[in-house]
Amino acid sequence: MAAAREEEAGELGPRDFVYGEKDFVPQAAGWDTEPGSAPSRFDRALLEGWSDRMERGLFRYRLGPLPTRVLPGPMRLVAQLNVQRGTERRPPQAVRSLRQPFDPQAFNFTRIRPGEVLLRLRRAGGGPAAPDQLLVAINVSPLERGHVLLLPEPARGLPQALTAPLLHGGLEAALLSGHPGFRVGFNGLGGCASVNHLHLHAFYLGCPLLVESAPARPLGPPGGLSLLPGVPAPAFLFYAAGPAGLEALARDVCRAAEHLTDTGLAYNVLATRGDPPGGPGAGGERGLRVLLWARKPSFGAKAGTTFNVALCELAGYLPLPAAPLYQDITEAQALCAIRQHLLPEPQLLRLGQDLARLLAS
């Protein structure tokens, strides 16, 4: 049976998904409507392919509806029980350096089966400012329905260090979705990256997160870098009102991320639909918020059953591997686990001023 699945997976391949301006969804459906009730062309292609691969048995486990609850408290943390991801996922690679080179002998995305790749994303027209063409592949140990990886050409053998063309492509993918909870993120080396081969995560979550709406504090000129306090993990905030600003935004995020690496810090990134930096009362329609977290590096292999802190947890979404932890965890306990990886506030503020000056130069 397993051999038959392997053979069948080898016969499948990605669909070409060519998109243009008309495919962007400037205003995704809000949380006052049923999430996913107005899927875009991109959502339909991704989710139909994802469900097909689930039926064909290409994942490490079958994923059904997951128990989910919002923890009492002002941070509105979303806890979700996913026992199988905790027990069935591939052991994460050991990371020992913020600049660890790509290792072709370790697991990497050149080894995935052709059937695991759903789509080949390509911007119509191309051109020098076009983002990377991306492969959309299933994450075989999914967090949620529709959890995929966004991969630049795997044969290039790039390590897990964020690049502007990749992030630009990921941000455009976020605007292709009509679901308010479609998120795109990145775990850097030392920030709980599981595979040292360049990739983004993308997934659907049916709950709003505080990071979408919390007001930010400007760190420089209006429209530039902001600091997002008052959320589970304070972050640097970048914002684009629409697709026209994505190339410059991706470039700025990557310049800031490279500065963090230069100073010995790890980082994580999340892109999500959200309010302008001033928050929902500041006026203006929702656009794309991009959060950059600076953190203390964590080296060594991640344990499969501990409370790991990666981009999801920093954003306030807690995929938990055990029922007792899911049932009993409090907001205070979760915040303690998250914030031990973060910088002291004075250091974070100094770093913010350094980044603001860097991006203004």
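Is Phe-42 buried or exposed? Buried, with a relative accessible area of 1%. Keep that residue in mind. A caution before I go on: this is a predicted model.

Let's start with the sheet. It is open, has 11 strands, and its pairing is mixed. The order runs β1-β4-β5-β6-β8-β7-β12-β13-β11-β10-β9. At the edges stand β1, residues 15–19, and β9, residues 217–218. Each has a single partner strand, so one side of each is left without a neighbour in the sheet.

Helix α2, residues 41–55, packs on this sheet. It touches β1, β4, β5, β6, β7 and β8. Its direction makes about 160° with that of β4. Then there is helix α9, residues 345–360. Helix α9 lies across β9, β10, β11 and β13, and runs at about 35° to β11.

Now strand β8, residues 200–204. All 5 of its 5 residues are buried, so the strand is largely enclosed by the rest of the structure. Both faces are covered. Leu-200, Ala-202 and Tyr-204 are on one side, His-201 and Phe-203 on the other.

What does β8 pair with? Strand β6, residues 148–151, pairs with it in the antiparallel sense over 3 bridges. There, Leu-150 stands opposite Leu-200. Strand β7, residues 182–187, also pairs with β8 in the antiparallel sense, over 4 bridges. Arg-183 has Phe-203 as its bridge partner. For Val-184, the partner is Ala-202.

On to the rings. How many aromatic pairs does a search of the whole structure find? The count is 8. One of them is Phe-42 with Phe-182, edge-to-face, at 5.8 Å centre to centre and 80° between the planes. Phe-42 lies in helix α2 and Phe-182 in strand β7, so the pair ties together parts that are 140 residues apart in sequence. Phe-182 is buried too, at 2% relative accessibility.

Next pair: Trp-50 and Phe-59. Their ring centres are 4.7 Å apart and their planes are at 55°, so this pair is tilted. Trp-50 is buried, with a relative accessible area of 3%. Phe-59 counts as buried at 9%.

Back to Phe-42. Together with Phe-17, Phe-182 and Tyr-204, it forms one aromatic cluster. Tyr-204 is one of the buried residues of β8. Phe-17 has a charge over its ring as well: the charged end of Arg-41, 4.1 Å from the centre.

One more charge over a ring to finish. Arg-90 lies over the face of Phe-107, at 3.7 Å from the ring centre.

Terms used. Residues are numbered from 1 along each chain as its sequence is written. This is a predicted model: local features need pLDDT of at least 70, side-chain atom pairs count only at pLDDT 80 or more; totals for chains, interfaces and linings use all residues. Side-chain values use heavy atoms; hydrogens and water are left out. Buried means under 20% relative accessible area, exposed over 50%, partly exposed in between (1.4 Å probe, protein chains only). Helices (H or I, at least four residues) and strands (E, at least two) are DSSP runs, numbered from the N terminus. Two strands pair if DSSP finds at least two bridges between them. Contact means heavy atoms within 4.5 Å. Axes are lines fitted to C-alpha atoms, for helices over the stretch in contact, and angles run from 0 to 180 degrees between N-to-C directions. Rings of Phe, Tyr and Trp (its six-membered ring) pair if their centres lie within 6.5 Å; planes under 30 degrees apart count as stacked, over 60 as edge-to-face and the rest as tilted. A charge sits over a ring if NZ of Lys or CZ of Arg is within 6 Å of the ring centre and within 35 degrees of the ring normal.
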